[in-house]
Amino acid sequence: MRLAHRTFTLLLASSLSFAGFMQPAQAAGIAAEAVAVDEGLALRPAADARALIDASLARADVQAGLQARGVDLDQARARVAALSDAEAQQLARTIDSAPAGASDLVGVLVFIFVLLLVTDILGLTKVFPFTRSVR
């Protein structure tokens, strides 16, 4: 008990001694357009959006992926040309962050395994024979 009291006192004293070093935060309002440009969410002109999409279609790995899925490159370019300006801008905004078609099945399976493992250890379920319950 005495050790816990001494440790708490030391922690409190060190915390209070560093309280004087804190600096107040300096914040100012910023425009929504500045945030959008910073985050890459600003609308690009339709010509820039189409140029980005065309540049992506010109990459060898993208062309190989399209051919592997049975999509003709000329047909894909024709579909890009048929996009409206808003659709081209939407695609250009999400083209870098969109997943490559893979689902997160491994992550879901690991989450379920850990969840069942923890409930087994807590004694709420009995799924795995190699765990011992806390109860």
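These are my notebook entries on a predicted model, written as I looked things up.

**Entry 1: the overall layout**

I began with the secondary structure, and the protein comes to seven helices and zero strands. Read from the N terminus on, the elements run α-α-α-α-α-α-α. Next I asked how much of the protein counts as buried. Of its 135 residues, 12% do. I also looked at how far along the chain the contacts reach. Among contacts with a separation of 6 or more, 42% are between residues 24 or more positions apart.

**Entry 2: helix H1**

I went to helix H1, which covers residues 2–18. What span should its 17 residues have, at 1.5 Å a residue? The expected figure is 24 Å, and the end C-alpha atoms are 25 Å apart, so the two agree. Then I checked burial along H1. The number of buried residues there is zero, so H1 lies largely in the open.

**Entry 3: the nonpolar core**

I wanted to know which residues make up the largest nonpolar core. There are eight: Ala49, Ile53, Leu57, Leu66, Ala76, Val80, Ala88 and Ala92. Three helices give two or more residues each to this core: H3 (46–58), H5 (73–81) and H6 (85–94). H3 gives the most, with three residues. As background, I noted that nonpolar side chains in soluble globular proteins tend to be buried together.

I then picked alanine 88 from the core to see what surrounds it. Leaving aside neighbours within four places in sequence, alanine 88 is in contact with Ala49, Arg50, Ile53 and Leu83. Two of these, Ala49 and Ile53, are also on the core list.

Leu83 was worth a stop of its own. Leucine 83 sits in the loop between H5 and H6. Is leucine 83 buried or partly exposed? Its relative accessibility is 22%, and buried means under 20%, so leucine 83 counts as partly exposed. Leucine 83 touches Arg50, Ala88 and Leu91, again not counting residues up to four places away in sequence. Arginine 50 is 33 residues from leucine 83 along the chain, yet their C-alpha atoms are separated by 9.0 Å.

**Entry 4: helix H7 and the annotated stretch**

An unreviewed UniProt entry annotates residues 105–125 as a "transmembrane region". I checked that stretch in the model: the chain there is 86% helix and 0% strand, with its end C-alpha atoms 23 Å apart. Helix H7 itself covers 105–122. At 1.5 Å a residue, its 18 residues should span 26 Å, and its end C-alpha atoms are 26 Å apart, which agrees. After H7 comes glycine 123, with a positive phi near 90°.

Threonine 119 lies in H7. I found threonine 119 buried, at 17% relative accessible area. Where does the side chain of threonine 119 reach? One partner is the backbone oxygen of leucine 116, at 2.9 Å. Another is the side chain of threonine 125, a polar contact at 3.1 Å. Leaving out residues up to four places away in sequence, threonine 119 touches Leu124 and Thr125.

**Entry 5: the aromatic rings**

A search of the whole structure turned up two aromatic pairs. In one of them, phenylalanine 113 and phenylalanine 128 have ring centres 5.2 Å apart and planes at 65°, so I logged the pair as edge-to-face. This pair links distant parts of the chain: phenylalanine 113 is in H7, while phenylalanine 128 is in the segment after H7, 15 residues apart. The burial of the two partners went down next. Phenylalanine 113 is partly exposed at 39% relative accessible area, whereas phenylalanine 128 counts as buried at 16%. Ring pairs join Phe113, Phe128 and Phe130 into a cluster.

**Entry 6: threonine 131**

My last stop was threonine 131, in the segment after H7. Threonine 131 has 9% relative accessibility and counts as buried. Its side chain reaches the backbone oxygen of phenylalanine 128 at 3.1 Å, and phenylalanine 128 is the residue I had just met in the edge-to-face pair. Which residues does threonine 131 touch, not counting those up to four places away in sequence? They are Leu117, Asp120, Ile121 and Lys126.

Key. Residues numbered from 1 in each chain as written. Predicted model: local features only at pLDDT ≥ 70, side-chain atom pairs only at ≥ 80, totals over all residues. Heavy atoms only, no water. UniProt positions renumbered as here; feature names shortened; annotations may be inferred. Helix = DSSP H or I, 4+ residues; strand = E, 2+ residues; numbered from the N terminus. Buried < 20%, exposed > 50% of the residue type's maximum accessible area, 1.4 Å probe, protein only. Polar contact = N/O pair within 3.5 Å; in protein donor to acceptor, adjacent residues only side chain to side chain. Contact = heavy atoms within 4.5 Å. Phe/Tyr/Trp six-rings, centres within 6.5 Å; stacked < 30°, edge-to-face > 60°. Core = buried A, V, L, I, M, F, W, Y, C linked by side-chain atoms within 4.5 Å. Expected span 1.5 Å × (residues − 1).
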